[in-house]
Amino acid sequence: MVIELGSIIGAFVSGLVIGSIYALVSLGLAIIWGVMNVINFAQADFMALGAFIGFLLLESLGIDPLISLILIFGIVFSIGVLTQRVAIEPILKAPVLSQITTTFAILLIIRYGLEVFMGPYTRVVEVPYRDLFIRFGSISVSVPQLISLAVSLIVAFLLYLFMSRTFLGAALKATAQDMLAAQLHGIDIKYMYRLAFGLGVGISAIGGVLLSLFYPIYPEMGAFFCMIAFISVVLGGFGSIFGAYLGGIIIGLVETISALFISPSLKTLAAFVVFILILLFRPKGMFGR
Amino acid sequence: MRLRELILASIIIALLLILPILFMVLDLGFAAAALFLCVLYSIMSMAWNFLGGYAGQVSFGHAVFFGVGAYTTMVLLLYYEVTPWIGIPIGGLLAALTGLGLSFLFRLKSHWFSLSTLATVTIFLLLFQEFAPGRAAGLQVPIVPREKEFYYLRYAGAYYYIYLALAYLAVELLLMRYLVKRDIGYYLQAIREDEETAMSLGINPFKYKVLAMLVSSFFMGVAGGIYTVRFRFVDPYCVFDILLISIYPVIASLLGGMYTFWGPVIGSFVFVPIFEYVRSNIVTAFPRYYGLHFLVAGIILFFISLRVPRGIVGWLESKGYIRRG
Amino acid sequence: MALSRGALYGIIIVVVILAIAAAYFLTLPPAPAPTTPVATPTATTPTVTTPTVTTPTATTPVVKEVKIGVILPLSGRLAETGADLKRGVEFAVEKINAAGGIKNLGGAKLVVVWGDSAGDPATGAAEAERLIKEEKVVALMGAYQSAVTKTASEVAESYNVPFLNPDSTSPALTERGYKWFFRTTAHDRLFATQHVEFINYLNKTYGGLKTVAIINEDTEWGASTAKVWKELFSAAGYKIVAEVSYHAATVTSLDSEVEKLKAANPDVLLIAAYTNDGILLVRTMKAKNFAPKVALAQDAGFIDPAYVKQIGKDGYYFFSREVFNWDLLEKIPELKKVNDEYSAKYGVSLNGNSARDYTGTWVLYWAIEEAAKVASPTDLEAFRKAIRDALAKMEVSPDKIIMPWAGIKFDEKGQNVLARGIIVQMSPDDGKYHTVYPIEVATKPIIFPFPSWEKR
């Protein structure tokens, strides 16, 4: 069976698009991990949270999720800060086990809180441009997918500007690199932690909103994206935030290309195999410290 | 002292032996099903805790061993007509072998280890979904004539299976008690507290971690086999389930007290009824609120993690009601 | 054996907990049975009329209601389909009770106790156990998804409880040698044979169909459908060029799957999908511009009213195997009457799913009436056996049912051998499915080939 060029390009574009979503979730995870040294197991569920908030805003107020994107970011950012204060701060000095189980508890609470609140049903965000697409030759790309790719890149770029050009961003970086030294320079660590967590989950929520534009959403969707986010961060390398972003894109591509050449049912497996290989042979990832 | 202890031990054992029959006579199917799950999860929690609580290696991948045990028992039964009486221990052995195979993950420390174990469950899920007998549709034990019921361990209801699980729990408890009381228990705890210091004292961390893994995965596999005969249906999604198989025992162990010996058992006997009650009575009556049982589990886990990290038994110990045994 | 103090107290705690647990378990009420308001009319409980109908046993205590358990996916991703199926059952029960209930038991009401499988085989089995042991139903019905039916009916078989399956089509279900399992709908092997016939017919009439691709959901139903398709189509001389499966419960994208199918360039696409994945598939096919000459689905998702509503124009020209279609109203007068009442009450017409469950409820009711002649629900075991025997002997003529079948008669495997299927196609004229095959019962001509997406 000969695989047409069209199919390959189609898979490439699909991979890029879904990868850009993975990238956002991973980005958030990397920020939290880098600054606080906490693995947020609930990361993907904040993504789902964002998607559902967007859905609710659309259903009740008729606002397109793209327009309410900033608002959704703000809401989830605040929830993140709250979570950080209530749940994470107390256990920062505790053994790692407590961190793991606490973030896991948050995962359960968000995911199933969402399910109990919204019902276990699959929802579709019906935006008018959902079924539009652009065609060149035998390749077609859906409009919402292109939009989400663009927005994802924009968000990454904005974050880059934030980290490199603003004082807050620099403070964040400093905290990530050397907490003690940062403290000595007068940076309020608690404040940084809250910022990092809120930022991390907020970005993830943006990913969720974008995703909802072209995928059906359901409360348990975090289960799938959770591991992918970790894989991307590990691929990118611990300590490198944009490495995580790139890692997400790569994983997306790995999935769709392997789906085409091997088998669609095994595409996720390919990503996991990559994960184990990295952990064993190059735990630093691509750009890790 | 000895006499009192013996009497108490006898009472518990007597209770455990009588309850299933009582339930059967009174036709209390739900109670029996819940008791069965309490015992099964006790096996799983004790198994997990041996690696997680004693050795300090928090694994989220125990569903792998459970699934291997479950599938082994099922395949041996369906394709080779091997009775589960033999099949379950073999399932445990294969699970232990899998554990041995996965020991390379011990190279990783703390949360990296936990993360990678989480990944292994999904990997096994996908592999079994594609390549295992029955693939995604799963395998089912057929109906067998009356005479073969004992050979196939095929009974209606949970009653007989409670005894089967109790037997394995007893074996597990005795074995672990023995190991813990010997040097091994101390070595594992030393490794958990500070691996480097332990090494400088001449303890080989890898060797003991592997040992803990072998015991832990064996009993997890056995639990999988017991699951197979009780429910008579396996598919990759049931047995390689992260929340219900991998995480559940963690919650139970934490609730009971993961740094204690009896913690996991007590935690299971407290957590399982709560979870089952919510699932069976509330969620079933109101399907719109599906997911409530997991939400409750999350809240419980949350409070344990933040407020009572030493669990029920640990709390009792700290208050002086019981002394560290 | 010397126990340390810690162990001693540990034991005390365990004893206390066990005692509490025992007391707790013993006093647990069974799960509240959410009986539908339709089944038991609120005001009037049937007055105790002395039964004048045949009751050979002397003085049996009067029975006011007979409980059957119905297991459906009431929550989860198939919840909408579950609601649809539930309507079919409810409606039948309403009519049965309105017509006098179970006459051989003095007008006892038929009551449904619902079980929610949540779309999961293990949950379905647990529900079956609950319904049998706690609710003490006389029979079970369910469960739509073949995977759930598989486990739930296994529980029923273990407890010697009759299980009526109106809507699962995996052939394996009747190959297990069960004695208490009865299926009214035809199964996939039968349907697949019809599919081959249909494609052969298209080939003869229009030509050019040589290659076949299959896409299926991967649980019991989809997997066995795919297996049978592969076997029968290969035997008929077609080349299977691609076979793709996915997991319906967790799938969010079928991009890769459709790319793979597109790359194989089949003439015919065979689809076995549930509702949400069906919608996803069609939309992805459109997005990727994949249009095989023939797209033939296997019922389930594709005939679900929720699918029809959401898919709109994109669903045009798709064929599906069906068991029933609304345009049969013209052919079956009894059906028109029932459908008018049904659509007046619920706002939607009957479809293959609700109609099958409606029919299944009636079949179970007839069996209960027969059973009531020789046994009473007060002796649960005997009554269940009587129902089972009644089902095994049952012979129903086609005019009594609303399905386009030759009637109801179960073979020794529990399969209704008089069931049949039809092929429908969604017409661009009105967005509804019309019967197109067999030609004798067709109400519209076949539209061939499947036009490319741009030309619509």
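Two strands are taken to pair if DSSP finds at least two bridges between them. Helices (H or I, at least four residues) and strands (E, at least two) are themselves DSSP runs, numbered from the N terminus. The model described here is predicted, so local features need pLDDT of at least 70 and side-chain atom pairs count only at pLDDT 80 or more, while totals for chains, interfaces and linings use all residues. Residues are numbered from 1 along each chain as its sequence is written, with chains lettered from A and ligands numbered from 1 in the order in which they are written.

A good place to start is the sheet of chain C. Seven strands form an open sheet with mixed pairing, in the order E7-E6-E8-E9-E10-E13-E14. Strand E7 (239-246) and E14 of chain C stand at the edges with a single partner strand each, so one side of each has no neighbour in the sheet. On average, neighbouring strands are turned by 25° against each other, direction ignored; the axes behind such angles are lines fitted to C-alpha atoms, for helices over the stretch in contact, and angles run from 0 to 180 degrees between N-to-C directions.

Within this sheet, E8(C) is mostly covered, as five of its five residues are buried. A residue is called buried if 20 or more other C-beta atoms lie within 10 Å of its own, exposed if 12 or fewer, and partly exposed in between, with C-beta atoms placed from the backbone. Val268(C), Leu270(C) and Ala272(C) point one way from E8(C), whereas Leu269(C) and Ile271(C) point the other way. This fits a general pattern: in a regular strand the side chains alternate between the two faces of the sheet.

E8(C) pairs with E6(C) in the parallel sense over five bridges, and Val212(C) stands opposite Val268(C) there. E8(C) also runs parallel to E9(C), joined by four bridges, and in E9(C) the bridge partner of Val268(C) is Val294(C). From E8(C) the chain crosses through helix H8 (residues 275-287) of chain C to E9(C) in a right-handed β-α-β crossover; that is, with the strands pointing away from the viewer, the path from the first strand over the helix to the second runs clockwise. E9 (residues 294-297) of chain C in turn pairs with E10(C) in the parallel sense over two bridges, with Ala297(C) opposite Ser320(C).

Some backbone details also deserve a look. Most residues other than glycine have a negative phi, and most peptide bonds are trans. Tyr437(C) and Pro438(C) are joined by a cis peptide bond with omega of about 0°, and the bond from Phe448(C) to Pro449(C) is cis too, with omega near -5°. Pro438(C) lies in the segment after strand E14 (433-437) of chain C. Leu153(B), although not a glycine, has a positive phi of about 55°; this residue counts as buried, with 24 C-beta neighbours inside 10 Å. Tyr317(C) has a positive phi near 75° and is partly exposed.

Finally, chains A and C meet: 25 residues of chain A are in contact with 24 residues of chain C, where contact means C-beta atoms, placed from the backbone, within 7 Å. The largest share of the side of chain A that touches chain C, four residues, comes from H1(A).

Methods: Two residues are in contact if their C-beta atoms, placed from the backbone, lie within 7 Å.
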